[in-house]
Amino acid sequence: MTDHFIEDKTTKVNVNLETIGERVDFNDLKSGGFIKQRQKDLFTVRLRCPGGRMETKKLVEISKIADKYSKKGVVHFSFRQSLEILYVDYKEFRNIVSELEKIGQKVASCGPRVRVPTACGGCEYNPNGLTDTQGMAEMVDQKFFGTPTPHKFKTSFSGCPIDCSRTKEMDFGFQGIVEPVWEDPLCTGCTICSEACKEDAIVSDPDTGKPIFDPKKCIFCGDCIRACPTEAWKAKRYGHIVRIGGKHGRHPMESIEVCTFLPDDKVADAIQKTVEWYNANGKRGERIGNTIKRVGIQKYLDFMEPVFKHGSPVNYLAPGV
Amino acid sequence: MGEVKANAHLDLRGVMCPINFVKAKLKLETLEAGEVLELVLDSGEPIQNVPKSIKEEGHKILEVKKEGEHFRLKIQKG
Ligand code: HEM
Ligand code: HEM
Ligand code: SF4
Ligand code: SF4
Ligand code: SF4
């Protein structure tokens, strides 16, 4: 994609600008989400939509702007949950940006920096959701969007172990989990929890019907808690599994788990410190997964200890009772 | 566990998610608060999903019995 970058086309664009006598602020464009299309003079304008959520009123306004500026009258929903207005003439950048600004819509970023976070629905309305993924995405967007890094830095939030936002493939991903605890006196031995657990972490005692829990198989999804009719299974605590160094693209890499049960209020610290480490250790153009491979995961973990100590280690097993 | 008397019955064997839940919900709507619905559900997906949705809607599961490949539940309308 590099050669489609507006940053690499500055000279050509400048020539065109002189002929039309217009001025465009290139400092704005450099970090902005304007991507050169195949077609002469036409760009894709990528909007900043953290977590892929948008107020309907804003969407209506964006539709009008897209209709006005897209030469083909089309938008595209990107894989990172952004709304992209296609076929926009660069001569109209200033107008489209100012119209978008009026309705409070910002343009996304490209290049080596913290990108707009993606997120699933999470606990607000998804029945499986354990964490407020949308709230987290909003927070990360506010605090970290655009922070320069050696290469792109993609974050995402999934609300549960189904991991619809694919935190395993992110530079830094957060996936919701819950620790189940069981209280014998409340249990009626109905066996529903062993049916509900898709990981075979619970089998029912053949005599009493009560659960026998295997913590090694538990992935902290909370299905047992939701299914139990008597609240014998309860939530002890909620948090995030933290994953680092994943990416997709030509040479996908799976992330490494670095912490479990990191509480919500330590997520910002985790990102802040990780970006700090990445900027100190990463080479230009190197994704953090490769930095970690080169420098060693232990160095990273040592650096992160003040934050990750608020969670549990990666091999944490729930006692169950 | 004492036998609870049911005010209505619904056999949802062979009915798939989420239609089974919707049927249970509609049936519960015909009852008064405090009345009891007896439900029969298949094991697998139905028993994984329907009880938790019923709980989420504020009803109470009073009794659960496993009968071979299916479950018999008594639900009190919330
Ligand atoms: C109408 C569109 C879609 C619907 C209704 C839908 C629905 C769902 C549901 C219900 C699950 C949970 C499955 C489970 O319980 O195991 C799920 C998981 C998932 N979805 Fe989607 N989804 C849609 C589109 C997409 C798209 C476009 C993507 C990717 C770009 C995607 C990626 C995933 C992933 C990665 C998971 C994780 C679980 C797995 O891989 O099995 N989904 N989706
Ligand atoms: C905001 C504007 C974006 C620009 C200007 C941009 C630009 C680039 C560039 C220059 C590369 C090459 C990087 C390399 O070779 O390592 C690249 C790679 C890639 N881009 Fe984008 N990108 C943008 C957004 C996105 C989005 C929204 C997605 C979709 C999820 C995406 C997915 C990818 C993938 C999968 C790769 C392959 C490299 C990897 O992920 O490791 N990009 N992009
Ligand atoms: S990851 Fe979990 S909470 Fe998020 S959309 Fe998927 S199923 Fe729902
Ligand atoms: S939290 Fe653990 S025990 Fe409970 S259903 Fe999920 S995997 Fe099974
Ligand atoms: S679902 Fe609850 S009541 Fe039923 S066996 Fe499991 S822990 Fe006991």
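**Note on cavities, cores and helix H10**

1. About 100 Å³ of space lies in the largest cavity of this structure, which is a predicted model. Of the 14 residues that line this cavity, those closest to its centre are A:Cys197, A:Ala201, A:Cys218, A:Cys221 and A:Cys224. Strand S7 and helix H7 (223-227) of chain A each supply at least two residues of the lining, and in total the structure holds 5 cavities of 30 Å³ or more. Rolling a probe the size of a water molecule over the atoms shows where empty space of this kind is left.

2. Turning to chain A as a whole, there are 10 helices and 11 strands, and the C-alpha trace spans about 85 × 45 × 30 Å along its principal axes. Buried residues make up 51% of the 321 residues in chain A. Among the contacts in chain A with a separation of 6 or more, 67% are accounted for by residues 24 or more positions apart.

3. Which residues touch the most other members of the largest nonpolar core? In this core of 29 residues, they are A:Phe172, A:Phe174, A:Leu262, A:Tyr300 and A:Phe308. At least two residues of the core come from each of helix H5 (133-144), S7, S10, S11, H8, H9 and H10 of chain A, and the largest share, 7 residues, comes from H8(A). Apart from this core lies another, of 23 residues, among them A:Cys190, A:Ala196, B:Leu41 and B:Val64. In soluble globular proteins, nonpolar side chains tend to be buried together.

4. A:Phe174 deserves its own point. Leaving aside its neighbours within four places in sequence, A:Phe174 is in contact with a list of residues that includes A:Ser156, A:Phe157, A:His240, A:Val242, A:Leu262, A:Val267 and A:Ile271.

5. Helix H10 of chain A, residues 297-308, has 12 residues, yet its end C-alpha atoms are only 14 Å apart, short of the 16 Å that a straight helix would reach at 1.5 Å a residue. In this helix A:Tyr300, A:Met304, A:Val307 and A:Phe308 are buried. Why do they lie on the same side of H10(A)? They do so because they cover an arc of only 65° around the axis. An α-helix has 3.6 residues a turn, so residues three or four places apart point the same way. What covers the buried residues of H10(A) includes strands S7 (172-182), S10 (233-244) and S11 (256-262), together with helices H8 (267-281) and H9 (288-295) of chain A.

Note on methods. Residues numbered from 1 in each chain as written. Chains lettered and ligands numbered in written order. Predicted model: local features only at pLDDT ≥ 70, side-chain atom pairs only at ≥ 80, totals over all residues. Heavy atoms only, no water. Helix = DSSP H or I, 4+ residues; strand = E, 2+ residues; numbered from the N terminus. Expected span 1.5 Å × (residues − 1). Buried < 20%, exposed > 50% of the residue type's maximum accessible area, 1.4 Å probe, protein only. Arc of directions from axis to C-beta. Contact = heavy atoms within 4.5 Å. Core = buried A, V, L, I, M, F, W, Y, C linked by side-chain atoms within 4.5 Å. 1 Å grid on protein atoms, 1.4 Å probe; cavity = no way out; pocket = protein on both sides within 12 Å on 5 of 7 lines; lining within 4 Å. Points joined across faces, edges and corners; volume = space filled by probe spheres on them.
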